[in-house]
Amino acid sequence: MSMQSPAYAAFSLRRIAALVLRHWYVIKSSWPRVFDLMYWPMVQMLMWGFLQLYVAEHSNFFARAAGTFIAAVILWDILFRGQLGFSISFLEEMYARNMGNLMMSPLRPVEFIAGLMIMSIVRLAIGTIPVTLLAIAFFGFNLWAMGLALFLFVFNLFLTGWAVGLVVAGLLLRNGLGAENLAWGIMFLFLPLVCVYYPVSVLPEWLQPVAWVLPPTYVFEGMRALLIEKVFRGDLMLQAFALNAVLFGVAVLGFQLLLRSARREGTLLQGGD
Amino acid sequence: MLAPAAAGHAVVVDRLTKAYKAVVAVDSISFALDTGACTALLGGNGAGKTTTISTIMGLVEPTGGRVTVLGAEMPRQRHLVLHRINFESPYVNMPMRLTVRQNLNVFGMLYGCGDVAGRIRSLAEELELTDFLDRPTGKLSSGQKTRVALAKSLINNPEILLLDEPTASLDPDTADWVRGRLERYRRDRGATVLLASHNMGEVERLCDRVIMMKAGRIVDDDTPAKLVARYGRSNLEEVFLDIARGRGEAREAAQ
């Protein structure tokens, strides 16, 4: 038996890979999990796609704006599932009572977060890529044709989703599974405010400043500008990125404070509510 | 940077206090664990054992005092030494859907083992896991799960091994087998072991020192044989009962 202790590494891609591998093993061993990742995005896309077809038959504006509902629902799903994918991987550690093992291992918080981010991309890819292909097949709408703009939309939506996911993870560490419902429902608070299916101008004037504080609002406005006016609004993407940088920074700080508080309260080993 | 570990001491607990709001779980306790020694931390439920071990592992922040492990102050410097420590506890599980091999692979990578596949092979032989390496961990018997948890706790050849009830819920034969493996590991590795257990026979067999806790304080600290002699009892279980029921203090007062 080797008697050497492994060397200490301040930051390790291998530890991140270990965490990703742990969740990949779970996904590939469980078809219900894979089905669950695809089922709801598919239902949503089909429902909004058919609604768009119906509305477009009765309105010139919507006939011109072909694809906005489908793009909106897919981008909303990226925002929602970006956060949910992050939070579910975190929750899986709590359900499995594995958090103590991870917290006692050399895995550092920043590596833990990086692993959860990668897993949220993996989960989203499994659910969303088939949906985008179905959108082409059913409605002739090709989300991928947005090119670089799509990349920037998705990047910004992921940043928001991860920031919210981080705060939820901190609350779960601090308060146990009693905070679980936040993981599933918190993003719906954003749904009316970030103007997924309608422009910000539809909101009452007093509510519009609130919408403009939220980074996804810029993404959905940018998506409509691209599909309806055929204009790519780089300025909106920059503003979204600036707000996301602030939001993500605040979320990292919040997570650190909640982790510290969990260490003080001795809740890192708790799995219950 | 790490401070040099106190001479010959793998763990130093210095006036450690941990309070959860008004409840004082650990009340200014001090002890040091000699490198290579096996020490038992004993006490009834609520005595403060789990809080003490959790603080040593860096999972709990002390309210007062200081804990250093291999020269690192916990929890602030925990990342400098966590790859040299490991633990087994009934408060945690390994992911049940993963096979034994997958779990050990993940933890081998997390702990920075060089040849993970080779390490899994040698642990599987040593702990007799080979036949169920590719079965989901959740489908194993409790004895098999305990052996897998033991394999995880040894994956990085830890210098310090923290064990919380390592043989709880095992039949006597399997428990004896686990104790034998722990003895052998400690002897071969020269590892420092801290053991919390309610099985006094286990403590007498494995440990060369016993720290007795009650209501967050250390009430006695000696070798098992000396404790038994000092309390005028025939085994450690009777000493434990004396202390838990306050008869030790009554005897001391009478003397």
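Which residue in strand 10 of chain B does Ile211(B) stand opposite? The partner is Asp221(B). That pair is a good place to enter this predicted model.

Start with the two strands that hold the pair. Strand 9 of chain B covers residues 209-214, and strand 10 of chain B covers residues 217-222. They pair in the antiparallel sense, over 5 bridges. Together they form a hairpin, with 2 residues between the strands. In this hairpin, Ala215(B) takes a positive phi near 50°.

Now widen the view to the sheet around the hairpin. Strands 9 and 10 belong to an open sheet of 6 strands in chain B, ordered 6-7-8-3-9-10. The pairing in this sheet is mixed. Its edge strands are strand 6, residues 85-88, and strand 10 of chain B. Each of these two pairs on one side only. From one strand to the next, the twist averages 15°.

In general, the strands of a sheet pair through backbone hydrogen bonds, and they do so either parallel or antiparallel. The hairpin gave an antiparallel case. For a parallel one, look at strand 3 and strand 8 of chain B. Strand 3 takes in residues 38-42, and strand 8 takes in residues 192-196. They are joined by 4 bridges. Here Ala40(B) stands opposite Leu195(B), which sits in strand 8.

Stay on strand 8 for one more residue. Thr192(B) is also located in this strand of chain B. Is Thr192(B) buried or exposed? Its relative accessibility is 3%, so it counts as buried; the cut-off for that class is under 20%. Val106(B) lies 86 residues from Thr192(B) along the chain. The C-alpha atoms of Thr192(B) and Val106(B) are separated by 25 Å.

Chain B has another open sheet, made of 4 strands in the order 2-1-4-5. Its pairing is antiparallel. The edges are strand 2, residues 23-34, and strand 5, residues 72-74, and each pairs on one side only. The twist in this sheet averages 25° from one strand to the next. Strand 1 of chain B, residues 9-20, runs antiparallel to strand 2 of chain B. The two are joined by 8 bridges. Among the residues facing each other here, Leu16(B) has Ile29(B) in strand 2 as its bridge partner.

Turn to chain A. What are its counts of helices and strands? There are 11 helices and 0 strands. Read from the N terminus, every element of chain A is therefore an α element.

How does the radius of gyration of chain A stand against that of a compact globule? For 273 residues, a compact globule would come near 19 Å. Chain A has 20 Å, so the value agrees with the rule. The C-alpha trace of chain A spans about 75 × 40 × 35 Å along its principal axes. Of the 273 residues in chain A, 53% are buried.

Finish at the surface of chain A. A nonpolar patch of about 580 Å² is made there by Trp31(A), Phe35(A), Tyr39(A), Trp40(A) and Val43(A). Take Phe35(A) from this group. Its place is in helix 2 of chain A, which covers residues 31-57. The relative accessible area of Phe35(A) is 48%, so this residue is partly exposed. The exposed class would need a value over 50%.

Definitions and conventions: Residues are numbered from 1 along each chain as its sequence is written. Chains are lettered from A and ligands numbered from 1 in the order in which they are written. This is a predicted model: local features need pLDDT of at least 70, side-chain atom pairs count only at pLDDT 80 or more; totals for chains, interfaces and linings use all residues. Side-chain values use heavy atoms; hydrogens and water are left out. Two strands pair if DSSP finds at least two bridges between them. Patches are made of residues with over 30% relative accessible area and no salt bridge: like charges are joined within 9 Å, nonpolar side chains (Val, Leu, Ile, Met, Phe, Trp, Tyr) within 5 Å. Accessible areas come from the Shrake-Rupley method with a 1.4 Å probe; for residues, only the protein chains shown count as cover. A salt bridge is a side-chain nitrogen of Lys or Arg within 4 Å of a carboxyl oxygen of Asp or Glu. Buried means under 20% relative accessible area, exposed over 50%, partly exposed in between (1.4 Å probe, protein chains only). Axes are lines fitted to C-alpha atoms, for helices over the stretch in contact, and angles run from 0 to 180 degrees between N-to-C directions. The radius of gyration is taken over C-alpha atoms; the globule rule is 2.2 Å times the number of residues to the power 0.38.
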